[in-house]
Amino acid sequence: MTRGVRNRLVVFVILAAVGVIYISASYLGLVDRVLGRGFTVTAQLPGTGGLYEGGQVTYRGVAIGEVTRMTPTEDGVDIELGLEEGTELPLDAPMFVHNGSAVGEQYLDFEPRSDDGPYAEEGAVLKAGADSLPVDEADLIVTMDRFVRSVDTDKLSTVIGELGQMFYNTGRPLQDIIDGANRLITAADAHRAETISLLGRGRTVLRTQAANADNIKAFADGLNTFTRALSDSDRNVRVLLQGGPSALKQVELLLEGLKPTLPVFLGNLVTVNQVTTVRLPALEQLLVTYPALIAGGFDGTTRDGYGHVHLEFTQEPACTEGYLPQSRWRPGSDLSDGTPYLQAHCASPAPYNMRGSKYAPDYGNGAARVAPYDPRTGTVNDGGMQYVIGDPGLNDIYGEDAWKWMLIGPTLD
């Protein structure tokens with residue numbers, strides 16, 4: 001072996017030894033202590049929870065230091081934590097002792113609610129309660145033993161039997177459910193972008209519904225009222241639905257039968273309505289004052305002692321001037337079509353046909369006179385004079401029942 005090779009091997013051994021020593025010192029924390037790196041804080045716990053010196057300290061699962069010393073106290077234990085340089089640990093961060101595996105290997109984990117300060121510094125003291133410690137294995141075993149002993153074996157056997165009966169021969173359906181769920185998840189994942197877009201657009205629909213909440217509520221209330229009315233009228237609605245088609249059929253047959261004459265009848269009614277519209281003020285006068293006049297006519301004195309109201313035509317001379325001469329009159333037995341004489345009218349002066357249409361005032365020229373009648377007071381104003389259509393005679397005694405006198409009067413002596 002040459003001298004150069006020997007020197008290189010010596011240098012390699014020295015560097016390897018230094019590396020091993022440095023790594024070991026770093027793992028044991030000797031480097032940090034010598035170089036003054038990191039800082040130490042104290043965590044006060046009501047118990048160790050299985051922690052040990054050298055145990056790991058984590059921040060939301062990320063290693064940030066280790067347990068360097070544990071000192072018992074009257075209230076629990078003070079645990080010194082050696083944290084790495086630059087660690088920003090909020091002072092109010094909750095801490096919990098967790099198990100690293102099934103065989104133990106507990107570690108202390110800080111789980112802050114936020115990353116905001118103030119942060120722990122050299123010598124800071126952090127406190128935690130009993131909820132920071134895991135359940136003791138002995139307590140867990142004792143509790144589970146009590147739970148198992150509390151179960152009635154007969155009832156447990158019944159439950160197991162019923163569960164077996166429930167799931168008996170359901171392997172294929174359960175497999176279908178699982179396969180269907182897998183296909184659903186696969187399809188949902190394949191259309192994830194469309195689903196996210198749908199949810200984003202659905203926000204617009206939900207905002208519109210929220211803006212129209214009052215209208216939707218009013219519509220629902222109205223629909224509720226409508227359906228309640230239908231429910232209350234269920235029998236009538238059923239009768240209408242059952243008898244409605246036949247009734248409509250009868251109406252249809254009636255209209256079919258009236259088809260030849262109904263249009264002519266309606267056409268004639270148009271003419272009558274036109275005349276009625278023109279004479280509407282006079283017709284109103286008749287309908288308002290005539291009942292009051294009849295009501296006062298029950299106490300008229302006649303030879304037999306009872307009142308009478310006569311509605312009859314007066315006997316006036318027949319008017320012939322202005323009509324066809326008698327020689328051109330058609331007999332009633334002539335049913336052939338003839339040419340109407342459109343110039344027929346009464347050309348004779350009074351007293352012929354004083355009620356004829358020629359004596360009626362023209363519509364619209366102000367000649368029609370309608371005396372205003374007030375049904376509340378029974379007064380008529382005409383030509384500056386006021387007349388009272390009262391209730392004389394029997395109406396003064398019987399009031400609104402005076403009309404009954406027409407029935408009972410003839411039975412009295």
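**Exercise 1. In which loop is G117 found?**

Solution. The structure is a predicted model. In this model, G117 is found in the loop between β6 and β7 (125-127). Its exposure class follows from its relative accessibility: at 43%, G117 counts as partly exposed, because that class lies between the cut-offs of 20% and 50%. A spatial relation can then be added: G117 and L91 are 26 residues apart in sequence, and their C-alpha atoms are 7.3 Å apart in space.

**Exercise 2. Identify the residues with the most contacts inside the largest nonpolar core, and the elements that give two or more residues to this core.**

Solution. The largest nonpolar core has 23 residues. Those with the most contacts inside it are L45, I79, L81, L83, L89, L108 and F110. Two or more residues each come from β1 (39-45), β2 (56-59), β3 (62-72), β4 (77-83), β5 (95-101) and β6 (104-110). F110 may then be examined in detail. With neighbours within four places in sequence left aside, F110 is in contact with V57, T58, Y59, R60, I64, L81, L89, A93, P94, M95 and L126.

**Exercise 3. Determine the sign of phi for R60 and N169, and place each residue in its loop.**

Solution. Most residues other than glycine have a negative phi. R60 is not a glycine, yet has a positive phi of about 55°. R60 lies in the loop between β2 and β3 and is partly exposed, with a relative accessible area of 43%. N169 likewise has a positive phi, near 60°, and is a residue other than glycine. N169 lies in the loop between α4 and α5; at 68% relative accessibility, N169 counts as exposed, because the cut-off for that class is over 50%.

**Exercise 4. Describe the nonpolar surface patch and state which helix gives the most to it.**

Solution. The patch covers about 760 Å² and is made by L156, V159, I160, L163, M166, F167, L174 and I177. Helices α4 (153-167) and α5 (171-190) each supply at least two of its residues. The most comes from α4, with six residues. L174 lies in helix α5 and, at 38% relative accessibility, counts as partly exposed.

**Exercise 5. Compare the expected span of helix α6 with the distance between its end C-alpha atoms, and state how many of its residues are buried.**

Solution. Helix α6 comprises 20 residues (residues 192-211). At 1.5 Å a residue, the helix should span 28 Å, because the expected span uses one less than the number of residues. The end C-alpha atoms are 29 Å apart, which agrees. As for burial, α6 is hardly covered: the count of buried residues among its 20 residues is zero.

Terms used:
Residues are numbered from 1 along each chain as its sequence is written. This is a predicted model: local features need pLDDT of at least 70, side-chain atom pairs count only at pLDDT 80 or more; totals for chains, interfaces and linings use all residues. Side-chain values use heavy atoms; hydrogens and water are left out. Patches are made of residues with over 30% relative accessible area and no salt bridge: like charges are joined within 9 Å, nonpolar side chains (Val, Leu, Ile, Met, Phe, Trp, Tyr) within 5 Å. Accessible areas come from the Shrake-Rupley method with a 1.4 Å probe; for residues, only the protein chains shown count as cover. A salt bridge is a side-chain nitrogen of Lys or Arg within 4 Å of a carboxyl oxygen of Asp or Glu. Helices (H or I, at least four residues) and strands (E, at least two) are DSSP runs, numbered from the N terminus. Buried means under 20% relative accessible area, exposed over 50%, partly exposed in between (1.4 Å probe, protein chains only). A nonpolar core is a set of buried Ala, Val, Leu, Ile, Met, Phe, Trp, Tyr and Cys residues joined through side-chain atoms within 4.5 Å. Contact means heavy atoms within 4.5 Å.
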